[in-house]
Amino acid sequence: MKLIHITDTHLVEPGRRLYGLDPKARLDAAIADINRHHADAELAVVTGDLTHWGEVGAYRSFLHTMNALCLPYVVLVGNHDRRIACLDVLPAAPRDGHGFVQGWRDTRRGRLLFFDTLDETSHAGQMCERRLAWAGRALADAPTDRPIYLFMHHPPFEIGVHMMDRIALAERSAFAELIKLHRTRIRHLFFGHVHRPISGSWMGIPFSTLRGTNHQVWFDLSPDAPHLTSHEPPAYAVVLIADETVVVHNHDYLDSSPRFPFSMPGVAERTFALGPPPEWQAR
Ligand SMILES: [Fe+2]
């Protein structure tokens, strides 16, 4: 099964730029690339910060772009989103009985669980009592013979980038206690928020996240590092799920660096490799 993971698209009102970049144009390019190369994917999941300021016009702009995607997709909310505007404009937003943007989807590889970690008063993540209770039921009700995949905006642990750790999930202890009860069935955790390509494991659960499609967060682990954004390249992830593996490819879809074969017929391999780069192929 192939999935697409997109995150932190940060759309603004049409025609505006954000930190010097055009978020809609960059999302348009991601969608075109996915349609061209991954039309066989089963689903795309956008893990929040769909817009930068939660404006209705920005959600409409997001919807306009996503309407071009040739796959079904699900959206989650992040700290830059506004729940009601998101739910009003985007049919791809799941909704639970309390109005939170969360739900699940069963696939032939198991259950995908989507959590709402938005706190509209803070950039930190939140899992209030009602959402923790919902998550507990969703995990307990999942078929016991099928794996589970988690999707959320905020990481439920610290990643070492100081300024992002200050706005991670606030209730991470309570969330960890809940997840511990089910961790043997959870194959992977996908999140956004940090605008960085990171992978590892948390309580034995593999995780991955990736750059957003607009701006990024600069990599600096020093405790007094300033909170800097950057124009590092945007990415989306292609997730390949099989019986024994979950493989996550991060793809810098706007990369335009030279690409060419490792060898050329009639030229000694060493001579070719040590020579000047050949004219790179038009894509
Ligand atoms: Fe973000």
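Seventeen is not a bad number to start with: the largest pocket is lined by 17 residues, and those nearest its centre are Tyr-19, His-80, His-215, Val-217 and His-227. Everything described here comes from a predicted model.

The volume of this pocket is about 310 Å³. Its lining is made up of eleven polar, five nonpolar and one charged residues.

Now to the enclosed space. Searching the whole structure for cavities of 30 Å³ or more turns up one. The largest cavity holds about 70 Å³ of space. Around it stand Val-161, His-162, Met-163, Val-217, Trp-218, Asp-220, Ala-225, Pro-226, His-227 and Leu-228. By class, that cavity lining has seven nonpolar, two polar and one charged residues. Val-217 and His-227 appear in the cavity lining and also among the residues nearest the centre of the largest pocket.

Here are the two spaces together:

| Space | Volume | Lining by class |
|---|---|---|
| Largest pocket | about 310 Å³ | five nonpolar, eleven polar, one charged |
| Largest cavity | about 70 Å³ | seven nonpolar, two polar, one charged |

Finally, a pair of helices. Helix H1, residues 23-37, packs with helix H2, residues 56-66, at an angle of about 25 degrees, and their axes are 9 Å apart. Because of that angle, H1 is roughly parallel to H2. The two cross in a right-handed sense. On the H1 side, Lys-24, Leu-27, Asp-28 and Ile-31 make the contact, while H2 contributes Ser-61, Phe-62, His-64, Thr-65 and Met-66. Sorted by class, the contact of H1 with H2 has four nonpolar, three polar and two charged residues.

Note on methods: Residues numbered from 1 in each chain as written. Predicted model: local features only at pLDDT ≥ 70, side-chain atom pairs only at ≥ 80, totals over all residues. Heavy atoms only, no water. Axes fitted to C-alpha atoms, helices over the stretch in contact; angles between N-to-C directions. Helix = DSSP H or I, 4+ residues; strand = E, 2+ residues; numbered from the N terminus. Parallel < 35°, antiparallel > 145°, perpendicular 65-115°, else oblique. Left-handed = near helix turned anticlockwise from the far one by under 90°. Contact = heavy atoms within 4.5 Å. Nonpolar A, V, L, I, M, F, W, Y, C, P; charged D, E, K, R; others polar. 1 Å grid on protein atoms, 1.4 Å probe; cavity = no way out; pocket = protein on both sides within 12 Å on 5 of 7 lines; lining within 4 Å. Points joined across faces, edges and corners; volume = space filled by probe spheres on them.
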